[in-house]
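Q: I would like to learn how to read the empty space in a protein model. Could we go through pockets and cavities in turn?

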Amino acid sequence: PRAKREAVRACRHVAQYWVDLASLPRRNMARFEAERITLVKGERLDVLNSAGPVVAVSAHMGDVELVIQALTYRGRDFIALVEALEPPEWSRYMLALRSSAGSNFHEAGFGGLRASLAALKGGQLVGVMGDRDIQQTGLCVELAGRRVRLPRGPWELARRSGAVVLPVFCSRTKRDYFDVYVEEPFHVEKTDDPEADVRQAAERYAGLLETHLRRDPGQWAVLEDFWRVHACREGESG
């Protein structure tokens with residue numbers, strides 16, 4: 001019974017996300033944080049006030065895309081990587097809509113990676129999702145007792161640029177209000193073993209993601225059989 005209730009909530013949150021996106025050009029984003037967001041451990045956002053690049057990593061929970069755009073009104077330029085859509089005309093329209101509040105959205109491909117590295121080199125904020133391996137190049141880690149593949153991109157970006165990783169998770173408390181959970185910022189290690197460094201960061205993130213999924217699973221707006229689509233391949237351990 002609880003699974004059914006949470007599934008209905010997840011579908012409702014997906015619908016609300018599309019309403020958020022459609023209304024984005026008419027929102028007063030400069031006031032959104034003060035009027036609509038309750039921060040949990042908000043003092044950790046102080047990293048946004050410091051010089052240097054930041055990689056904000058989140059998951060498809062609440063509407064973190066909207067929330068992080070609101071947080072950029074603290075004075076940080078922001079770009080984000082999102083999944084490419086089909087047909088291309090639809091993808092271009094969606095990129096323009098998402099960018100209508102002043103941020104820059106790019107498809108998660110070669111061009112997006114190049115734009116992200118340039119932004120980080122300039123000390124900007126880059127936002128990425130860490131819960132869906134859309135490039136199918138991810139790392140096999142444990143999440144909620146199962147072995148799944150999570151993307152490696154956020155951690156490779158942070159390691160290569162030396163950026164601070166800022167994990168941020170979001171819950172919609174009612175129609176247009178959000179709780180934002182700011183986790184402890186950290187750096188991806190940079191040792192002589194790049195793969196181990198990236199894996200360590202991905203496993204740390206997986207632990208945070210599991211905590212928030214267990215806290216409120218109906219917030220996870222992922223309309224796919226995640227555990228099948230992102231399952232590790234047979235015999236895969238890393």
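**Pockets and cavities**

A: Take an enclosed space as the starting case: in this predicted model, α1 and α3 each supply at least two residues of the lining of the largest cavity.

Q: How is such empty space found, and what is the volume of the largest cavity?

A: Rolling a probe the size of a water molecule over the atoms shows where empty space is left. Here the largest cavity holds about 50 Å³.

Q: Which residues line the largest cavity, and how do they divide by class?

A: The lining consists of Tyr17, Asp20, Leu21, Leu24, Asp63, Glu65, Leu66 and Gln69. By class, four of these are nonpolar, one is polar and three are charged.

Q: How many cavities of 30 Å³ or more does the structure hold?

A: There are two cavities of 30 Å³ or more. The second largest has a volume of about 40 Å³, and its lining is made of Leu48, Ala56, Ile68, Leu71, Leu125, Leu166 and Val168. That lining has seven nonpolar residues, with no polar and no charged ones. Both α3 and β8 (164-174) give at least two residues to the lining of the second largest cavity.

Q: Now the open spaces. What is the volume of the largest pocket, and which residues lie nearest its centre?

A: A pocket, unlike a cavity, is an open set of points. The largest pocket contains about 1,200 Å³ of space. Its lining counts 48 residues, and nearest the centre lie His60, Val82, Glu83, Met129 and Ile134.

Q: Which elements supply at least two residues of that lining, and which gives the largest share?

A: The helices among them are α1 (2-23), α3 (64-71), α4 (88-98), α5 (110-121) and α6 (153-161). The strands are β2 (54-58), β3 (78-82) and β5 (125-129). α6 provides the largest share of the lining of the largest pocket, six residues.

Q: How does the lining of the largest pocket divide by class?

A: It has 28 nonpolar, eight polar and twelve charged residues.

Q: What can be read from the second largest pocket in terms of volume and lining?

A: Its volume is about 400 Å³. The second largest pocket is lined by 16 residues, with Pro217, Trp220, Val222, Phe226 and Trp227 nearest its centre. α1 contributes the most to this lining, four residues, while α7 (194-215) and α8 (226-229) each supply at least two. The classes here are eleven nonpolar, one polar and four charged.

Technical notes
Residues numbered from 1 in each chain as written. Predicted model: local features only at pLDDT ≥ 70, side-chain atom pairs only at ≥ 80, totals over all residues. Heavy atoms only, no water. 1 Å grid on protein atoms, 1.4 Å probe; cavity = no way out; pocket = protein on both sides within 12 Å on 5 of 7 lines; lining within 4 Å. Points joined across faces, edges and corners; volume = space filled by probe spheres on them. Nonpolar A, V, L, I, M, F, W, Y, C, P; charged D, E, K, R; others polar.
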